[in-house]
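Trainee: I would like to go through the labels attached to this model and ask, for each one, what it rests on. Could you set the value against its definition every time?

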Amino acid sequence: MFSKNGFAANDVIRAVASTADPSASNVCHRLLLPLARADEERGSRLLETLRAYYACGASVAKTAERLFLHRNSVRYRLDRVRALLGADIDHPEVAAAVLVAFSVSEAAVSAGVKHEAQRAK
């Protein structure tokens with residue numbers, strides 16, 4: 001929670017993500033694409049690592065604990081993420097953009113699943 005009114009940051013991000021237009025979805029997809037490709041080609045699990053890193057408050061130690069990895073393995077993966085994105089993932093604007101991209105991608109997948117279910121009926 002970040003307010004007395006009970007709003008959580010993820011609630012705000014999900015609300016924005018659920019209304020993203022195709023252009024915004026495309027931008028978010030392109031942001032995460034280098035990581036998705038690396039994961040697909042090498043099984044590197046960079047997207048999972050970055051999600052966990054942000055969920056753990058950008059703590060390498062907590063991320064390592066959550067993913068059952070050594071801290072150096074997490075650092076290596078995060079260095080790969082930085083290199084592939086060409087960005088400082090610890091900068092607040094970059095972190096916000098990546099978190100929104102994650103949520104928009106999830107919303108797009110959910111919408112696709114719902115759309116497929118409706119077509120099947």
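Trainee: Where does V16 lie, and why is V16 called partly exposed?

Mentor: V16 lies in helix α1, a helix being a DSSP run of H or I with at least four residues, as a strand is a run of E with at least two, numbered from the N terminus. The model is predicted, so local features need pLDDT of at least 70 and side-chain atom pairs pLDDT 80 or more, whereas totals for chains, interfaces and linings use all residues. Residues are numbered from 1 along each chain as its sequence is written, and side-chain values use heavy atoms, without hydrogens and water. For V16 the relative accessible area is 48%; buried means under 20%, exposed over 50%, and partly exposed in between (1.4 Å probe, protein chains only), and V16 is therefore partly exposed.

Trainee: How far apart are V16 and V104 in sequence and in space?

Mentor: The two residues are 88 positions apart in sequence, yet their C-alpha atoms are separated by 8.1 Å.

Trainee: Why does T63 count as buried, and with which residues is T63 in contact?

Mentor: T63 has a relative accessible area of 0%, which falls under the cut-off for burial, so T63 is buried. T63 belongs to helix α4, residues 60-67. Contact means heavy atoms within 4.5 Å, and, leaving aside neighbours within four places in sequence, T63 is in contact with T49, A52, Y53, C56 and V74. As for T49, the C-alpha distance from T63 is 7.6 Å at a sequence separation of 14 residues.

Trainee: What does the side chain of T63 reach?

Mentor: It reaches the backbone oxygen of S59, at 2.7 Å. A polar contact is a pair of N or O atoms within 3.5 Å, one able to donate a hydrogen and the other to accept it, with residues adjacent in sequence counted only if both atoms are side-chain atoms; the distance of 2.7 Å fits that limit.

Trainee: What makes α3 a mostly covered helix?

Mentor: The description rests on a count, since 7 of the 10 residues of α3 are buried, namely L46, L47, T49, L50, A52, Y53 and Y54. Among these, T49, A52 and Y53 are contacts of T63. After α3 comes G57, with a positive phi near 70°.

Trainee: Which value of phi does R45 have, and why is R45 called partly exposed?

Mentor: Phi of R45 is near 60°, a positive value in a residue other than glycine, and R45 is found in the loop between α2 and α3. Its relative accessible area of 43% lies in the intermediate range, and R45 is therefore partly exposed.

Trainee: Why does F68 count as exposed?

Mentor: F68 has a relative accessibility of 76%, beyond the upper cut-off, so F68 counts as exposed. F68 is located in the loop between α4 and α5 (71-85) and has a positive phi of about 55° although it is not a glycine.

Trainee: What is the volume of the largest pocket, and which residues line that pocket?

Mentor: A pocket is an open set of points on a 1 Å grid over the protein atoms alone, where a 1.4 Å probe fits, with protein on both sides within 12 Å along at least five of seven lines, and lining residues have an atom within 4 Å of a point. Volume is the space filled by probe spheres set on the points, which are joined across faces, edges and corners, and for the largest pocket this comes to about 210 Å³. The lining consists of N10, I13, R14, R51, Y54, A55, L99, F102, S103 and E106. Two or more lining residues come from each of α1 (9-18), α3 (46-55) and α6 (92-120), and α6 gives the largest share, 4 residues.

Trainee: How do the lining residues of the second largest pocket divide by class?

Mentor: There are 6 nonpolar, 3 polar and 2 charged residues, where Ala, Val, Leu, Ile, Met, Phe, Trp, Tyr, Cys and Pro count as nonpolar, Asp, Glu, Lys and Arg as charged, and the others, Gly among them, as polar. This pocket has a volume of about 170 Å³, and α6 again supplies the largest share of its lining, 6 residues. R51, F102 and E106 appear in the linings of both pockets.
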